[in-house]
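Here are my notes on the model you sent, set out as numbered points. I would read them with the sequence and the coordinates open side by side.

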Amino acid sequence: AQLSTKDVMTVLRTDDLATVPPALTESGVGLVHLTPQGYQVATESGPLDDLLKTVRNEISYGHVVTGGLLASKLGDPPRGATIELVQALCAAALRSGLLEATYQGAKIGSPADHRLDRVFGRINDFRSTSFAPPSAGPSVETRVEVAAGLSKLTGTKSAIDTAGLAAALRD
């Protein structure tokens, strides 16, 4: 899949996942799929599930999981993912609240954080950033339920990351 930095940022921040490149939809790698509720990130199977299994496996061995390590692991045969695809997968995991990034010593869990522009905008910054499951907060399932309930109440689509949910609840 030929992707650019702009495509990675679209995965991270777009309000409408229908705008992601076709290479990331069902006709491509299957990161985004069409559901009755609209386009959503496929978290249960496919490339994102593979990324999360790789992260959990490396952490279980005591390794720090950097973007460079993920690019190497997912770029090797039989997968053959480009570094841009690995960035898009990490962006989708951040957006879904499945991973948090640690960049220059700071944990980043919100897809709206401006520091992610550097992480996903520069290959060297991405390679040095580490990724891990969120260290605290409610489970992904709980966040999805709260976001769905909030969406019904407000009529607008809610984020499912912890910081995004907290901001939406305050508003």
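1. Which element of the chain has the lowest mean pLDDT, and which the highest? This is a predicted model, and among the elements of its chain the lowest mean pLDDT, 83, belongs to H8, whereas the highest, 98, belongs to helix H6, residues 123–128. For the chain taken as a whole the mean pLDDT is 92, and 99% of the residues reach 70 or more.

2. The largest pocket holds about 1,100 Å³ of space, and its lining is made up of 30 residues, among which Arg95, Lys157, Ser158, Ala159 and Ile160 lie nearest the centre. Helix H1 (5–13), strand S2 (38–41), helix H7 (140–154) and helix H8 (162–170) each contribute at least two residues to that lining, and the largest share, six residues, is supplied by H7. By character, the lining residues divide into 14 nonpolar, nine polar and seven charged. When the lining is read, please keep in mind that H8, one of its contributors, is also the element with the lowest mean pLDDT.

3. The largest nonpolar core contains 40 residues, and those that touch the most other members are Leu31, Leu51 and Phe120. At least two residues of this core come from each of H1, helix H2 (47–60), helix H3 (67–75), helix H4 (83–95), strand S3 (100–103) and helix H5 (115–121), with H4 giving the most, ten residues. For Leu51, the contacts beyond its neighbours within four places in sequence are Leu70, Leu74, Leu89, Cys90, Ala93 and Leu99.

4. H1 deserves a separate look, since Asp7, Val8, Met9, Thr10, Val11 and Leu12 are buried in this helix. The buried residues of H1 pack against H4 and H5, and H1 also supplies at least two residues of the lining of the largest pocket.

5. Is Glu58 buried or exposed? Glu58, which is placed in helix H2, has a relative accessible area of 6% and therefore counts as buried, the cut-off being under 20%. Once its neighbours within four places in sequence are left aside, Glu58 is in contact with His63, Val65, Leu69 and Lys73.

6. Thr43 sits in the loop between S2 and H2, and because its relative accessibility is 24%, Thr43 counts as partly exposed. Apart from neighbours within four places in sequence, Thr43 is in contact with Leu48, Asp49, Ser96 and Leu98. Thr43 and Ile108, which are 65 residues apart in sequence, are 20 Å apart in space, C-alpha to C-alpha.

7. Two points of backbone geometry should be checked by eye. Most residues other than glycine have a negative phi, and most peptide bonds are trans. The peptide bond from Pro77 to Pro78, however, is cis, with omega near 10 degrees, and Pro78 lies in the loop between H3 and H4. Gln104, although it is not a glycine, has a positive phi of about 50 degrees; Gln104 lies in the loop between S3 and strand S4 (106–108) and is exposed, with a relative accessible area of 70%.

Definitions and conventions
Residues numbered from 1 in each chain as written. Predicted model: local features only at pLDDT ≥ 70, side-chain atom pairs only at ≥ 80, totals over all residues. Heavy atoms only, no water. 1 Å grid on protein atoms, 1.4 Å probe; cavity = no way out; pocket = protein on both sides within 12 Å on 5 of 7 lines; lining within 4 Å. Points joined across faces, edges and corners; volume = space filled by probe spheres on them. Helix = DSSP H or I, 4+ residues; strand = E, 2+ residues; numbered from the N terminus. Nonpolar A, V, L, I, M, F, W, Y, C, P; charged D, E, K, R; others polar. pLDDT = per-residue confidence, 0-100. Core = buried A, V, L, I, M, F, W, Y, C linked by side-chain atoms within 4.5 Å. Buried < 20%, exposed > 50% of the residue type's maximum accessible area, 1.4 Å probe, protein only. Contact = heavy atoms within 4.5 Å.
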